[in-house]
Amino acid sequence: MISPSAVHIDPDKCSGCGRCLRVCPDRTLALREGRAVVAGRDCIACGHCAAVCPESAVRVEAADTDLHFSTFAEERDWLPWGRYDLAGLVRLMRSRRSCRNYTPQPVSRAMLEDLVKIGATAPSGTNSQGWTFTILDRRDQVVALGGMVASFYRRLNKKAANPLLRFVARIFMQDALGRYYRRYYSSVDQGLREWDEGGGDRLFHNATAVILVGSRPWASCPAEDALLATQNMLLAAHAMGLGTCLIGFAVEAIKRNGAIKRALDIPAEETVYSVIALGYPAEAYQKVTGRKKILPRFPENLAG
Ligand SMILES: Cc1cc2nc3c(=O)[nH]c(=O)nc-3n(C[C@H](O)[C@H](O)[C@H](O)COP(=O)(O)O)c2cc1C
């Protein structure tokens, strides 16, 4: 929330059309004597009022830090409903695949910075924008993070290999260790061996960059905010010529080992919700694939 005093309405420009009132989610504005005025006590600084005003009479201080991109020529005009190439959008969505083979070419800092700005165009609960982005733009940093994540899984695999600990965990931890053992132990063990022998990077797939997306604790919907920003970035990366892969294994290690966060300069109170491996893809695909059949629900018993 910001103070409504951050909303400025120029009475000379305002025509009193009332559009700003209709789009305001917080009833911050009212019409008085044919002009819009700030009347409410709350404002989430979403900037809808400024965006909808045909006279450019409204300015919202907190929303005025505009995003500028340096690696592509942006189109700044608002795109009206229904005017986008839907087929192209869906093709982009279906063409984005998790990339597990990268070339050694580094990704420029400018591209990574543009990507996180694209992430920040996502919606966020009460417009809190509490997301955080930590960027590793060098392969040696990715390898260093991989080393810390590998140490975490080495310890976890050691515990999971112990039948007594698995038995105790079955009683006290709803079999979490047993489930991990059955599902991941062998592949993690194999991956760790390859890592130790310098024979492969099954964790980050030789990615040259990593972006960690987190949220600050005061955000009203921290996980959702971070993941929506993440999806924006995955799609935009494809359009930029970059491959991406979400690395859930790294998220889990970071969640459970504060030392990794400290090494990344991520404050203890922040939670990391996604780790995105990125780089220039070394493989191209011939076609898109399908998904499991979806059976949407139409609740018939719900009636007014
Ligand atoms: C939350 C989440 C965590 C994931 N973690 C990993 C991971 O640790 N390693 C990996 O190679 N892929 C990981 N993936 C990628 C999925 O395996 C992939 O999205 C899925 O197989 C569908 O393939 P697609 O992304 O190519 O469409 C993850 C995906 C999600 C959504």
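**View 1. Asn206 and His205 in the loop between H7 and E6.** Asn206 lies in the loop between H7 and E6, where helices (H or I, at least four residues) and strands (E, at least two) are DSSP runs numbered from the N terminus. This is a predicted model, in which local features need pLDDT of at least 70 and side-chain atom pairs count only at pLDDT 80 or more, while totals for chains, interfaces and linings use all residues. Residues are numbered from 1 along each chain as its sequence is written, and side-chain values use heavy atoms, with hydrogens and water left out. Phi of Asn206 is near 65°, a positive value in a residue other than glycine. His205 sits in the loop between H7 and E6 and has a positive phi of about 55°, although it is not a glycine. Is each of these residues buried, exposed or partly exposed (buried means under 20% relative accessible area, exposed over 50%, partly exposed in between, with a 1.4 Å probe and protein chains only)? At 39% relative accessibility, Asn206 counts as partly exposed, whereas His205, at 14%, counts as buried.

**View 2. The surroundings of the ligand.** His205 returns here as one of the residues around the ligand, which also include Arg100, Phe249 and Arg291; a residue is near a molecule if one of its heavy atoms lies within 4 Å of it. By class, this shell has 4 nonpolar, 3 polar and 4 charged residues; Ala, Val, Leu, Ile, Met, Phe, Trp, Tyr, Cys and Pro count as nonpolar, Asp, Glu, Lys and Arg as charged, and the others, Gly among them, as polar.

**View 3. Polar contacts of the ligand.** Here a polar contact is a pair of N or O atoms within 3.5 Å; within protein, one must be able to donate a hydrogen and the other to accept it, and residues adjacent in sequence count only if both atoms are side-chain atoms. Polar side-chain atoms lie 3.1 Å, for Arg96, and 2.6 Å, for Ser98, from an oxygen atom of the ligand. A polar backbone atom of Gly248 is 2.8 Å from a ligand nitrogen atom. Strand E7 (243-246) and helix H9 (248-256) are the elements that give two or more residues to the shell.

**View 4. Ser215 in strand E6.** Ser215 has its place in strand E6 and is buried, with a relative accessible area of 1%. A polar atom of its side chain lies 2.8 Å from the backbone oxygen of Pro222.
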